[in-house]
Amino acid sequence: MNPRNVHIPQDSPHHRFDDSDDILNDFDFEKLRQVFVSGWPWVLGIILATISSAFLYIRYTKPIYSAHSILKLDIKNEANLLGLQNPLEQDIKGLAGEIEILRSRLFFSKVVDAVGMDISYYHPGRSHLVDERYGNSPFKVEYVLKNPNLLDNRFDVEILNDSEFYLSCLALGGKVGDKQQFGSTIVTNDFTFTLEKTSHFEDQKSLVDFYFILNSKASLINYLESHVTVEPVNFNANTIKISLSDFNQIKARNLLEAIDTIYLAFTKNAKNQAVEQKIDFLETQMAKTTKELVEYEEYFEKFTIQNRTTDLSGDLTKTIALLNELDSQRYNMRDHLSEIDMIGENFNNGKPVSVFKIPTRIAELINNYNKLVSDRNLKLNSYNENTQVIKQLDQQIEIAKNSATSRLIAYKNNLIQDLEELNKKRTILEDNFVELPSMGTSYNKNRRLYTLQEEFYFSLIQSKIELEIARAGTVTNFVILSPASVSNIPIHPRKILIYGIGLVAGLMISVLFMAIQFLLHDKITSQKELEKIMHAPILGLIPHYKQEKLSNSKLIVTNNPKSSISESLRSIRTNMEFIAATGKNQLISVTSTVSGEGKTFIAVNLGAVFAYAGQKVVVVDLDMRKPKVHIAFESERVQKGMSTILIGKEKIEDCIQESELDNLHFISAGPMPPNPSELLLSPKFDEFLEVLRKKYDVVFLDSPPVGLVTDGILVMKKADLPVYVVRADYSKRSYLKSVHSLISNNKFEHLSVVLNGVKTGKGSYGYGYGYGYYED
């Protein structure tokens, strides 16, 4: 029958695996607990380190603040209310176009020109956290820069007292001159500086170190590009959000207010750009026509004064009427030709083309060309000339231009041909009326031209009025739903988030650390773990002794007969009786892999338990290299024992020593011999064992560790019940290979295992042996 409380390992032939076993049952929670108990200070240290790192990151990261405003955009042309339509309306449709304008370098360039950010003042501050003195600098700099290479370079100012300072620049090799005076002009070949104290000087002069930077326009534009964000809020409501981030709250708010204001004016100017170009063209034509009208008026005045009449012969009325009609047609044709030439000139210059008297089909082509040119000029605000969008527009403009030009050339050729026909008709009429006074002819001719020029002038005025009304009617329905504001809470770093990341990182690293510790932990910690890897039955467990710190093995069951250790030993005694059921006179060997696992402690105290049961017991110390049994019985080491018995120097009866228990005796190792293994192989050792079998009911043989010497194996072969001691949290898994090897190679069928020093809480094994078994 199976012995009670004896644990058969899973790998033994008595065990059959059950596929329905729960995976959790295979997990060693006791090992995990032991690893956690030993590693929790590291876990706490890791978490404290990550949280401290988060604190240092927050401490040495300069906070960034964000100002933002929400705008509602809607471009309207109020000229429609007057019944007038803007022919060159250039509204930007959709929020996408408005956002691109706000992000464009052209717009940022206008912002830089308007806000005056050409110079920035700083104080180095603590550590690397530079503090910009925006609006509260202790001094201001008036400058004339002669060397543009000094832009974006740092000029250091060291305040010495209320009136003196040092000025230095690394790009200039260090200090600029000797001590400088506030209010005095500093003149060099590279610049002219004048540093004036401000109202903030008294409060900040004790800070001593300051510096300023003369900003280039490109660096300021780059700053705005990297710090300004524009994003839509609601497409249906045409609202956008403009944000500007900076280390200085006041600077962020002021710059954003400037952006809102400049955008209003910029948008309005962009809408009127095309109209302004048309008005300029009309004004040029009006000035030219006005000059011609004045010349005609001066001619008529002189003609009237000189000839005192303007009445021509009635006979010439019909001829004059015909000539007038021909002249009118010729003038219109020439005017058309002039307009065609002007259109060609504008085509060559890439300017928008005005259309007044061109046929509808040609005018449509020209208007298409104008629209493409305007679109290209608008997109140049957001795109480079080398981008694909601009190149595609250039191709479309060239196609539209060629199409319109070919039509114009054909139309011009027709006009020239018609004009030649008119000239021929007029030549015939003039030949017929050569007798008419040249004076009257000249007068009538100039009168006709004057009338035509006057009509043309009035048409120009009407067109200009329409465009001016359209320009005046273009307004921006620009509503600031949320003015520029900045929160006192920085957007970076976010303390709660950083601390949260630090805590999570600490927990993750701790889990990883514990997992590695768990995987690297190769010591036996619990009975469950021992059962998984052992190929021998487990006799029982010995709990960890906590009452006192023992430097060596000691007989403790006599002082604590009802302790948990005593009860565990009694349970092991019972299990031994089941396993080695050979009757009386049992020979039990106790060994381990290395020193410190408690074999002597088990042998001595287990012998005492057998003695309490009324059996006659002797404990024999066969560990002749490092004997401990006499120490466990608190006896002095004598110069007789096993070594002297095996060499025949002493008799067995003379070497047996009594303990405090009547039925418990022991034999010490005696003097250390030079050849312990040869002594155990001698016939005298077998004779010795036979004598003890007859004299005692149970013989405990305290064998040397089998992992260090072969003596233990020799002893185990003689024993009825080999007992192998494994110490919890001390013996390594690799030690158990010795047990497996003993079972397979030496055929120890009855070899059993005792798990010693099982901890139920925090503490250390009370009878620690230390390492270096043979270091003596």
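This note goes through a predicted model point by point, from the whole chain down to single residue pairs.

1. **Overall make-up.** The chain has 776 residues, and 45% of them are buried. Its secondary structure comprises 22 helices and 24 strands. The exposed surface comes to about 40,300 Å², with carbon and sulfur atoms supplying 53% of that area.

2. **Contact range.** Take the contacts between residues at least 6 apart in sequence. Of these, 78% join residues at least 24 apart. Specific pairs that bridge sequence distance come up in points 4, 5 and 6.

3. **A nonpolar surface patch.** Seven side chains are worth displaying together: Ile51, Phe55, Leu56, Tyr60, Tyr499, Leu503 and Leu507. They form a nonpolar patch of about 590 Å² on the surface. Which elements give two or more residues to it? They are helix H2 (29–59) and helix H12 (495–520). Phe55 is one of the patch residues and sits in H2. Its relative accessible area is 45%, so Phe55 ranks as partly exposed.

4. **Tyr60, in a loop.** Tyr60 also belongs to the patch, but its place is the loop between H2 and strand E1 (65–72). With a relative accessible area of 35%, Tyr60 is partly exposed. Look also at Leu129. Tyr60 and Leu129 are 69 residues apart in sequence, yet their C-alpha atoms lie 7.0 Å apart.

5. **Leu293, on helix H7.** Helix H7 spans residues 249–307 and contains Leu293. Is Leu293 buried or exposed? Its relative accessibility is 10%, so Leu293 counts as buried. Leaving aside residues up to four places away in sequence, Leu293 touches Tyr450, Gln453, Glu454 and Tyr457. One of these, Glu454, is 161 residues from Leu293 along the chain, with 7.0 Å between the two C-alpha atoms.

6. **Ala171, between two strands.** Ala171 occupies the loop between strand E7 (164–169) and strand E8 (174–175). This residue is partly exposed, at 48% relative accessible area. Beyond residues up to four places away in sequence, Ala171 touches Leu150 and Asn153. The C-alpha atoms of Ala171 and Asn153 are 7.1 Å apart, across 18 residues of sequence.

7. **Packing of H3 and H4.** Two packed helices are described by the angle between their axes and the distance between the axes. Helix H3 covers residues 95–103 and helix H4 residues 105–115. Their axes come within 5 Å and cross at roughly 50 degrees. H3 is therefore oblique to H4. On the H3 side, the contact residues are Ile101, Leu102 and Arg103. On the H4 side they are Arg105, Phe107 and Phe108.

8. **A salt bridge within H3.** Arg103 takes part in the H3–H4 contact and also forms a salt bridge with Glu100. The closest N and O atoms of this pair are 4.0 Å apart. How are the two placed in the helix? Both lie in H3, three residues apart, which is about one turn. Arg103 is partly exposed at 42% relative accessibility. Glu100 is partly exposed too, with a relative accessible area of 34%.

9. **Arg133 and Asp131.** The structure holds 17 salt bridges. In one of them, the side chains of Arg133 and Asp131 meet at 2.3 Å, N to O. The partners fall in separate exposure classes. Arg133 has a relative accessible area of 10%, under the 20% cut-off for buried residues. Asp131, at 32% relative accessibility, is partly exposed.

10. **A bridge between H9 and H10.** Arg376 and Asp394 form a salt bridge, with the closest N and O atoms 2.4 Å apart. Why does this pair tie separate parts of the sequence together? Arg376 lies in helix H9 (residues 360–379) and Asp394 in helix H10 (residues 388–432), so the bridge links parts that are 18 residues apart in sequence. Arg376 is buried, at 19% relative accessibility. Asp394 is partly exposed, at 30%.

11. **A charged network.** Some salt bridges share partners. In this way Glu132, Asp246 and Lys251 are joined into one network.

Key: Residues are numbered from 1 along each chain as its sequence is written. This is a predicted model: local features need pLDDT of at least 70, side-chain atom pairs count only at pLDDT 80 or more; totals for chains, interfaces and linings use all residues. Side-chain values use heavy atoms; hydrogens and water are left out. Patches are made of residues with over 30% relative accessible area and no salt bridge: like charges are joined within 9 Å, nonpolar side chains (Val, Leu, Ile, Met, Phe, Trp, Tyr) within 5 Å. Accessible areas come from the Shrake-Rupley method with a 1.4 Å probe; for residues, only the protein chains shown count as cover. Helices (H or I, at least four residues) and strands (E, at least two) are DSSP runs, numbered from the N terminus. Buried means under 20% relative accessible area, exposed over 50%, partly exposed in between (1.4 Å probe, protein chains only). Axes are lines fitted to C-alpha atoms, for helices over the stretch in contact, and angles run from 0 to 180 degrees between N-to-C directions. Angles under 35 degrees count as roughly parallel, over 145 as roughly antiparallel, 65 to 115 as roughly perpendicular and the rest as oblique. Contact means heavy atoms within 4.5 Å.
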